[in-house]
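Work through the exercises below with the sequence and the 3D structure side by side. Try each task before reading its solution.

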Amino acid sequence: TDAVAVRFAPRVWLNDTSSFTDTNVEMVVSVNNSMGLTSTGLSMTFMYEDSVLEPIEVVPCGVTEGVKFASTPGLTGSAGRLACSVSATGGEIKTGAGLFFKIKFRVKPVNGVASTTVILTAATLRTGAGRTVVPPLPQRGVITLAERAYPPALVTVAVADKVVDSESEFE
């Protein structure tokens, strides 16, 4: 039989998510096949709107459970659109597909912003054999935003020996 060459081509993408403003949100980065990948040399760059988001940390999960990432994402760029760099500093990437890692962002207390986009603009993956793999780019993930609506406080009032709450009508 003849040998068959199979080209290893992992694909990485961002999962859309939603969040309230003035809270934290995790943007999930997924991979279709991590077979043969190593954490050595893993690096990715994400563009985001700095008026809406602030990167906090990279959270390993799924196939990168146990991989160590730089403690704080590196930031470059100019006001308006900043780049968040993610790099691994050690650990083993498990073989599989699904969750690759999460980037935790702080959603600033903005008003009137319905959504924001995070864009994976650069990615370098390496195999254990030292081959560099660049997945298809760019990849976009959308965070749909909602302003936090706090429910009115329940107020109990005694009126002429009758107890009513704030949701009742007074007669």
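**Exercise 1.** Which residue in S9 does Glu57 stand opposite?

Solution. The model is a predicted one, in which local features need pLDDT of at least 70, side-chain atom pairs count only at pLDDT 80 or more, and totals for chains, interfaces and linings use all residues. Residues are numbered from 1 along each chain as its sequence is written, and side-chain values use heavy atoms, with hydrogens and water left out. Strands are DSSP runs of E with at least two residues, helices are runs of H or I with at least four, and both are numbered from the N terminus. With this numbering in hand, go to Glu57 and look across to S9, where Lys104 stands opposite. The strands S5 and S9 pair in the antiparallel sense, over seven bridges, and strands count as paired if DSSP finds at least two bridges between them.

**Exercise 2.** Find the order of the strands in the open sheet that holds S9, and state which strands stand at its edges.

Solution. Begin with S3 and S9, which run antiparallel and are joined by nine bridges. Two of the residue pairs can be located directly: Asn24 has Arg106 in S9 as its bridge partner, and Met27 stands opposite Ile103 in S9. Extending the pairing outwards gives four strands in the order S1-S3-S9-S5, with antiparallel pairing. S1 and S5 each have a single partner strand, so they stand at the edges and one side of each is left without a neighbour in the sheet.

**Exercise 3.** Determine how many helices and strands the protein chain has, and what share of its residues is buried.

Solution. Counting the elements gives zero helices and 14 strands. For burial, the cut-offs on relative accessible area are under 20% for buried and over 50% for exposed, with partly exposed in between, using a 1.4 Å probe and protein chains only. By this rule 33% of the 171 residues of the protein chain count as buried.

**Exercise 4.** Name the residues that touch the most other members of the largest nonpolar core.

Solution. Such a core is a set of buried Ala, Val, Leu, Ile, Met, Phe, Trp, Tyr and Cys residues joined through side-chain atoms within 4.5 Å. The largest one has 35 residues, and Met44, Phe46, Phe100, Phe101 and Val118 touch the most other members. At least two residues of this core come from each of several strands, including strand S1 (12-14), strand S5 (53-60) and strand S9 (98-107). Now follow Phe101 outwards: leaving aside residues up to four places away in sequence, its contacts (heavy atoms within 4.5 Å) include Met27, Met44, Phe46 and Val86.

**Exercise 5.** Are Ser34 and Thr124 buried or partly exposed?

Solution. Ser34 is found in the loop between strand S3 (23-31) and strand S4 (37-49), and because its relative accessibility is 1%, Ser34 counts as buried. Apart from neighbours within four places in sequence, Ser34 is in contact with Val63, Ile93, Lys94, Thr95 and Gly96. Thr124, by contrast, lies in strand S10 (residues 115-127) and has a relative accessibility of 22%, so Thr124 counts as partly exposed. Beyond residues up to four places away in sequence, Thr124 touches Gly41, Leu42, Ser43, Thr132 and Val133.
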